[in-house]
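Here are my notes on the model, set out as numbered points. Please read them with the structure open.

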Amino acid sequence: MKPTDEQKTIIESTGPACVDAVAGSGKTSLLVQYAKARPRQRILCLTFNRSVKLLNQQRFLAAGCKNVRVETGHSLGYANVVPAGRYKIAKNGLALTDIVGLCGLSNIDPAEQMIFAGHIYRALVFFCNVATTSFSSLDYTCCPTSPAAREFAQIHHDEIIGHARFLLGEMYQRRLPLIHDAYLKFFQLQKPNLSGFDVIMVDEAQDIGGSMLDVYMRQPADLILVGDAHQSIYGFRHAVNAMAMAPYPHFPLSTSFRFGPEIASLAKKILRMKRSVEPSSRVPGIRGAGPADLGQSHAVLARGNLQLIKEAMAVVTKNAGAKLHFEGGLQSYTCLGEGSSLFDILHLRTGKRSQIRSAFIASFPDYQALEHYIEATNDQELRLAAKIVDEYSLLLFDLVRRLKAAQVERKDAEITFSTVHKAKGFEYDQVELVEGFIDREMLHSIKRKLIENDDSAPPKEAVLEEINILYVAATRAAKKLTIDFEI
């Protein structure tokens, strides 16, 4: 395909650059064309996840770009740290029940043991993902968003940081298996020199961990950052928007080949919502040049697991023969961290402790203790799971059984269900967005609280990310977009 004028300008540019690419603007095609124009240069292309890595490898090889090596940030960090250091990986992560023992928390009030362990784990993950290289300069109190969690972190900050430092030290000394975030941090601390490459291209540069961005920006190669600041939706994983931090010239990719003018107009309307909390926010030019014919793939996208499960349960209740697909698999919506599931929480709520399989959930003496933990740690995943259990109670068993029976492959599905984060990188002909996203009424309420300096107002950054999440969801649509709420 012949490059557009915008693409041609980028392909012919020299030196480091930021490419501001709107949703559906053909980022991968641009990267392939950029590499083809530089057959004698050694190029490293870094992608967001493994599935995109495999897809991009095929695209570069099909274009004859044998000078390109494709990796993810994790695969790059793993290859440079784990084999050489003879480290072992904690396949199931680091359980909070293990942290209680490792950090000697069994001597404190049992009601606080898991709360303490939860904060320690979050502080460890936070340090591994930010650019700072010293625990002494880490301010963990900026992480919790709920008042109860923030207060606990402020009171026990030094103890939390001390335990997190201890755990990472144990991993470094090989006395504990590594969590995945840890080998990324060790890679950063090595101050690696990727001198084997002339160009480093980073896809989805709006969602890079600070530790890996520090690695990339230290390299002698030309750094090409490709992304969309308005698709930054991983703040909860401590991702940073490299597009705003890198001092490089910016080039636009403003034409979307995914959708047409109508969806482009809605996308811009969503981004204008940012002006309610950030008056200087700039809405990019988005030109929809996608096909207008209506396709068959149909997706329902939700903000979180609770809304998604509710919508899917409503479908199987009305239509027992429905064929449904769940991006990431149904299990990813019913199973939680720490090896827990919705059913473990239900058994705790109904007092059937003998049927709880998760050591983490079993560690709580009752359901009220779990609720206290959720508030004290601001654990959003558990909060949503508890809401599902509270709403459906014993009906949950039958409804999940029906959802399992309705599962088919994506190509055979009548409806695909997904949260926004799991749908990132996909597109569907028809997309329906259900309630749960930020909407006009919610935004007006937040704006009023911010003006009045109301302590209950969410941080401005969190509001902007919620608008980004809505924008990402809307731009998964190629032909038709249905929104069940006012924007």
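**Notes on the predicted model**

1. Start with Glu427. Its relative accessibility is 46%, so Glu427 counts as partly exposed. Its salt-bridge partner is Arg258, with N and O 3.1 Å apart. The pair links distant parts of the chain, 169 residues apart. Glu427 sits in the loop between helix 20 (420-423) and strand 14 (428-433). Arg258 sits in the loop between strand 9 (255-256) and helix 12 (261-272). Arg258 counts as buried, at 13% relative accessibility. Keep in mind that this is a predicted model.

2. Arg476 deserves a look next. Where is Arg476 found? It occupies the loop between helix 22 (460-474) and strand 15 (477-483). Arg476 is buried, yet it has no salt bridge. The nearest side chain of opposite charge is Glu204, 6.8 Å away. A salt bridge needs a nitrogen-to-oxygen distance within 4 Å. A polar atom of the Arg476 side chain does lie 3.4 Å from the backbone oxygen of Phe426.

3. What does Arg476 touch, leaving out residues up to four places away in sequence? The list includes Gly425, Phe426, Glu427 and Tyr428. Ala423 and Val431 are also on it. So are Ala23, Gln231, Arg258 and Leu301. Both members of the pair in point 1, Glu427 and Arg258, are thus among the contacts of Arg476.

4. On charge pairing as a whole, the structure holds 21 salt bridges. One of interest joins Glu466 and Arg303, with the closest N and O atoms 2.8 Å apart. Glu466 belongs to helix 22, and Arg303 to the loop between strand 11 (298-302) and helix 13 (305-318), so the pair ties together parts 163 residues apart in sequence. Glu466 is partly exposed, with a relative accessible area of 24%. Arg303 is partly exposed too, at 23%.

5. Another salt bridge pairs Arg383 with Glu375. The closest N and O atoms are 2.9 Å apart. Is each partner buried or partly exposed? Arg383 is buried, with a relative accessible area of 17%. Glu375 counts as partly exposed, at 39%. Elsewhere, salt bridges that share partners join Lys27, Asp203, Glu204 and Lys424 into one network. Glu204 is the residue named in point 2 as the nearest opposite charge to Arg476.

6. Now the overall fold. The protein chain has 22 helices and 15 strands. Its radius of gyration is 23 Å, close to the 23 Å that the globule rule gives for 487 residues, so the chain is as compact as a globular protein of that length. The C-alpha atoms fill a box of roughly 65 × 55 × 50 Å along the principal axes. Of the 487 residues, 52% count as buried. Take contacts between residues at least 6 apart in sequence: 75% of them join residues at least 24 apart.

7. Helix 6 (residues 110-129) is worth tracing. It has 20 residues. From first C-alpha to last it reaches 30 Å, close to the 28 Å expected at 1.5 Å a residue. How many of its residues are buried? The count is 15 of the 20, so helix 6 is largely enclosed by the rest of the structure.

8. Ile361 is a useful marker in helix 16 (residues 359-362). Ile361 is buried, with a relative accessible area of 0%. Leaving aside residues up to four places away in sequence, Ile361 touches Ser340, Asp344, Ile345, Leu348, Ile356 and Leu370. Arg287 is 74 residues from Ile361 along the chain, and their C-alpha atoms are separated by 49 Å.

9. Two backbone angles should be checked by eye. Lys191 has a positive phi of about 50° although it is not a glycine. Its place is the loop between helix 9 (180-189) and strand 4 (199-202). Lys191 is exposed, with a relative accessible area of 60%. Asn453, also not a glycine, has a positive phi of about 55°. Asn453 lies in the loop between helix 21 (440-451) and helix 22. At 65% relative accessibility, Asn453 counts as exposed.

Conventions: Residues numbered from 1 in each chain as written. Predicted model: local features only at pLDDT ≥ 70, side-chain atom pairs only at ≥ 80, totals over all residues. Heavy atoms only, no water. Helix = DSSP H or I, 4+ residues; strand = E, 2+ residues; numbered from the N terminus. Buried < 20%, exposed > 50% of the residue type's maximum accessible area, 1.4 Å probe, protein only. Lys, Arg positive; Asp, Glu negative; His and termini not counted. Polar contact = N/O pair within 3.5 Å; in protein donor to acceptor, adjacent residues only side chain to side chain. Contact = heavy atoms within 4.5 Å. Expected span 1.5 Å × (residues − 1). Rg over C-alpha atoms; globule rule 2.2 N^0.38 Å.
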